[in-house]
Amino acid sequence: MPLGYQGSYQRVRAYLHDKRTSPQPVTARPPTPRTVAGWILRRPDTFTEPEQLQLKGVWTHCPEIDALTRHVRSFATMLTARQGKRLPDWLDAVRQDDLPSLHTLAAGIGRDRDAVIAGLTQPWSSGAVEGHVNRIKMLKRQMDGRAGFSLPRKRLLLAS
């Protein structure tokens, strides 16, 4: 034999036959990270029964995801209900858990704490201004290197 196997074809066939016919344990495929992230970000009242069971299974296997879910949902409540006064307590709770990615978020929020609290509390939004800035940047990218200042200026004024 060229590869050095000294056994017979019948032995290989019998070995493979046993492997093919032995019952395989049926296990559920674990959810993908994207699916789990979607469950964490969704409102709890929108879950189907199987999704709730799967999420509880993920929580039992990974307590960090349980803590992450609690923090994310608490932050979402602060955002939607305009409860900026709860932010310092939320930041303290995040720092107590061993979740490095949330620690990074908490550190960034902590650097501009007063502005974030005001943004979570006040009814005003800078969304319209941000939309205009985004549109201006898009027009600028489209005109990149094609003309001096006068043509993009004219295009911007006509688009308004």
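Okay, to start: where is the place of valine 36? Valine 36 sits in helix α2, which covers residues 33-41. One thing to say up front is that this is a predicted model, so please keep that in mind throughout.

Let me stay with valine 36 for a moment. Its relative accessibility is 9%, so valine 36 counts as buried. What does valine 36 touch, not counting residues up to four places away in sequence? With those left out, valine 36 touches Pro31, Val58 and Ile65. And if you want a sense of distance, take glycine 84, which is 48 residues away from valine 36 along the chain. The C-alpha atoms of that pair are separated by 27 Å.

Now the helix pairs. Helix α3 is residues 49-61 and helix α4 is residues 63-81. Their axes come within 5 Å and cross at roughly 120°. An angle from 65 to 115 degrees would count as roughly perpendicular, and α3 and α4 are therefore oblique to each other. Who makes the contact? From α3 we have Leu55, Val58, Trp59 and His61, and from α4 we have Pro63, Ile65, Asp66, Thr69 and Arg73. By class, that contact divides into five nonpolar, two polar and two charged residues. Val58 and Ile65 should sound familiar, as valine 36 touches both of those residues.

Next pair: α4 with α5, where α5 is residues 87-96. How do α4 and α5 run, roughly parallel or roughly antiparallel to each other? Here the axes come within 11 Å and cross at roughly 170°. Over 145 degrees counts as roughly antiparallel, so α4 and α5 are roughly antiparallel to each other. On the α4 side the contact is made by His71, Ser74, Phe75 and Met78, and on the α5 side by Leu87, Trp90, Ala93 and Val94. The classes here are six nonpolar, two polar and no charged residues.

His71 deserves its own word. Histidine 71 is in helix α4, and with 5% relative accessibility it counts as buried. Leaving out residues up to four places away in sequence, histidine 71 touches Trp90, Ala93, Val94, Asp97, Leu99 and Leu102. From the other end, valine 94 touches His71, Leu102, His103 and Ala106, with the same sequence neighbours left out.

That takes us to the core. In soluble globular proteins, nonpolar side chains tend to be buried together. The largest nonpolar core in this model has twelve residues: Ala67, Phe75, Met78, Leu87, Trp90, Leu91, Val94, Leu99, Leu102, Ala106, Ile109 and Leu120. Helices α4, α5 and α6, the last being 100-111, each supply at least two residues of this core. Which helix gives the most to this core? That would be α5, with four residues. Apart from this core lies another one, of six residues, and among them are Trp39, Phe47, Leu55 and Val58.

On to charges. Side chains of opposite charge can pair when their charged atoms come close. How many salt bridges does the count come to? The count is two salt bridges. One of them joins arginine 42 to glutamate 51, with the closest N and O atoms 2.9 Å apart. Arginine 42 has 28% relative accessibility, so it counts as partly exposed. The other joins arginine 95 to aspartate 92, and there the closest N and O atoms are 3.7 Å apart. Arginine 95 and aspartate 92 are three residues apart in helix α5, so they are separated by about one helical turn. Both ends are partly exposed: arginine 95 has a relative accessible area of 43%, and aspartate 92 has 39%.

A backbone point next. Most residues other than glycine have a negative phi. Arginine 82, though, has a phi near 55°, a positive value in a residue other than glycine. Arginine 82 is in the loop between α4 and α5, and it is partly exposed at 38% relative accessible area.

Last stop, the N-terminal part. Glutamine 6 is found in the segment before α1, which is 9-21. Is glutamine 6 buried or exposed? At 71% relative accessibility, glutamine 6 counts as exposed. Glutamine 6 and lysine 56 are 50 residues apart along the chain, and their C-alpha atoms are separated by 52 Å.

Key: Residues are numbered from 1 along each chain as its sequence is written. This is a predicted model: local features need pLDDT of at least 70, side-chain atom pairs count only at pLDDT 80 or more; totals for chains, interfaces and linings use all residues. Side-chain values use heavy atoms; hydrogens and water are left out. Axes are lines fitted to C-alpha atoms, for helices over the stretch in contact, and angles run from 0 to 180 degrees between N-to-C directions. Angles under 35 degrees count as roughly parallel, over 145 as roughly antiparallel, 65 to 115 as roughly perpendicular and the rest as oblique. Contact means heavy atoms within 4.5 Å. Ala, Val, Leu, Ile, Met, Phe, Trp, Tyr, Cys and Pro count as nonpolar, Asp, Glu, Lys and Arg as charged, and the others, Gly among them, as polar. A salt bridge is a side-chain nitrogen of Lys or Arg within 4 Å of a carboxyl oxygen of Asp or Glu. Buried means under 20% relative accessible area, exposed over 50%, partly exposed in between (1.4 Å probe, protein chains only). A nonpolar core is a set of buried Ala, Val, Leu, Ile, Met, Phe, Trp, Tyr and Cys residues joined through side-chain atoms within 4.5 Å.
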